[in-house]
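Colleague: I would like a close look at a single part of this model, worked through slowly and with its surroundings kept in view. Please take the charged side chains as the starting point and move outward from there.

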Amino acid sequence: QSLLVESGGDLVQPGGSLRLSCTFSGNLFNYYAIGWFRQAPGKEREGIVCIDVAGRNPAFADSVKGRFTVSRDDAKKTAYLQMTNLKPEDTGKYYCAADGTVNGFCRLNEARAYDHWGQGTQVTVSS
C-alpha cells in the first residue's frame with residue numbers, strides 16, 4: 001500500500017481552479033521533498049512542480065508557471081497543489097511523490113529520484 005494518497009481531482013471547466021492534496025502516512029514527512037507529476041493520455045509522465053523540505057524554493061514546469069502553486073503542511077503531513085486558470089491541456093492523472101533527498105532540495109525532472117508514489121487522482125478540464 002502506498003504511503004502517499006492524492007485527492008481533489010475532478011472535472012472542471014476551462015478557467016476553473018482545483019486544489020489537490022497529497023497525504024503521507026509514513027514517518028518523517030518533513031525530510032522529504034515533494035514532487036507533483038502528471039500524465040496525459042498518450043503522453044509521458046512529466047514533472048510539473050516540486051517543493052523542497054523547507055517549503056521554499058519551489059520549481060515549476062514552464063507549462064504551469066504562474067498558474068499553479070505548491071505548499072506543504074508538515075504538521076498534517078500533507079502537500080497541496082493549487083491549480084488556477086486550468087486549461088484542457090492540463091487534463092491528466094496527477095501523482096505526488098516523495099523524495100528522501102540528501103540535501104533537502106527538490107528535483108523536478110528526476111522522477112527516478114523519488115522514493116514513494118501515490119496512486120494518482122484524475123483531473124479533467126473540459127467544457
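Is Arg 38 buried or exposed, judging by its relative accessibility?

Modeller: A caution comes before the details, namely that this is a predicted model. Arg 38 counts as buried because its relative accessibility is 4%, which falls under the 20% cut-off. Its side chain forms a salt bridge with Asp 90, with the closest N and O atoms 2.8 Å apart, and this pair links distant parts of the chain, since Arg 38 sits in strand β4 whereas Asp 90 lies in the loop between β8 and β9, 52 residues apart. Asp 90 likewise counts as buried, because its relative accessibility is 0%. The pair also belongs to a wider arrangement, in that Arg 38, Glu 46, Arg 67 and Asp 90 are linked in a network of salt bridges.

The count of salt bridges comes to 6, and two further pairs can be set beside the one just described. Arg 107 and Asp 99 meet through their side chains at 2.9 Å, N to O; Asp 99 is buried because its relative accessible area is 1%, while Arg 107, with a relative accessible area of 30%, is partly exposed. Arg 72 forms a salt bridge with Asp 74, and here the closest N and O atoms are 2.9 Å apart. In this pair Arg 72 counts as buried at 14% relative accessibility, whereas Asp 74, at 31%, counts as partly exposed.

Glu 6, in strand β1 (residues 4–7), offers a useful contrast, for this residue is buried yet has no salt bridge, and the nearest side chain of opposite charge, that of Lys 93, is 7.9 Å away. Polar atoms of the Glu 6 side chain lie instead 2.9 Å from the backbone nitrogen of Cys 96 and 3.1 Å from the backbone nitrogen of Gln 119. Leaving aside neighbours within four places in sequence, the contacts of Glu 6 include Cys 22, Trp 36, Tyr 94 and Gly 118.

Strand β9 (residues 92–99) deserves attention next, being mostly covered, with 7 of its 8 residues buried. This strand runs antiparallel to strand β4 (residues 33–39), to which 7 bridges join it, and within that pairing Gly 35 stands opposite Ala 97. β9 also pairs in the antiparallel sense with strand β11 (residues 121–125) over 3 bridges, where Lys 93 has Gln 122 as its bridge partner. A further antiparallel pairing, of 2 bridges, joins β9 to strand β10 (residues 116–117), and there the bridge partner of Ala 97 is Trp 117.

Turning to the nonpolar interior, the largest core has 26 residues, and those with the most contacts inside it include Trp 36, Ile 48 and Tyr 94. β4, β9 and β11 are among the strands that each supply at least two residues of this core, although β3 gives the most, with 4 residues. Apart from this core lies another, of 9 residues, among them Ala 33, Leu 108, Ala 113 and Tyr 114. Ile 48 brings the description back to its starting point, for, not counting residues up to four places away in sequence, its contacts include Arg 38 as well as Trp 36, Phe 68, Leu 81, Tyr 94 and Leu 108.

Conventions
Residues are numbered from 1 along each chain as its sequence is written. This is a predicted model: local features need pLDDT of at least 70, side-chain atom pairs count only at pLDDT 80 or more; totals for chains, interfaces and linings use all residues. Side-chain values use heavy atoms; hydrogens and water are left out. Buried means under 20% relative accessible area, exposed over 50%, partly exposed in between (1.4 Å probe, protein chains only). Lys and Arg count as positive and Asp and Glu as negative; His and the chain ends are not counted. A salt bridge is a side-chain nitrogen of Lys or Arg within 4 Å of a carboxyl oxygen of Asp or Glu. A polar contact is a pair of N or O atoms within 3.5 Å; within protein, one must be able to donate a hydrogen and the other to accept it, and residues adjacent in sequence count only if both atoms are side-chain atoms. Contact means heavy atoms within 4.5 Å. Two strands pair if DSSP finds at least two bridges between them. A nonpolar core is a set of buried Ala, Val, Leu, Ile, Met, Phe, Trp, Tyr and Cys residues joined through side-chain atoms within 4.5 Å.
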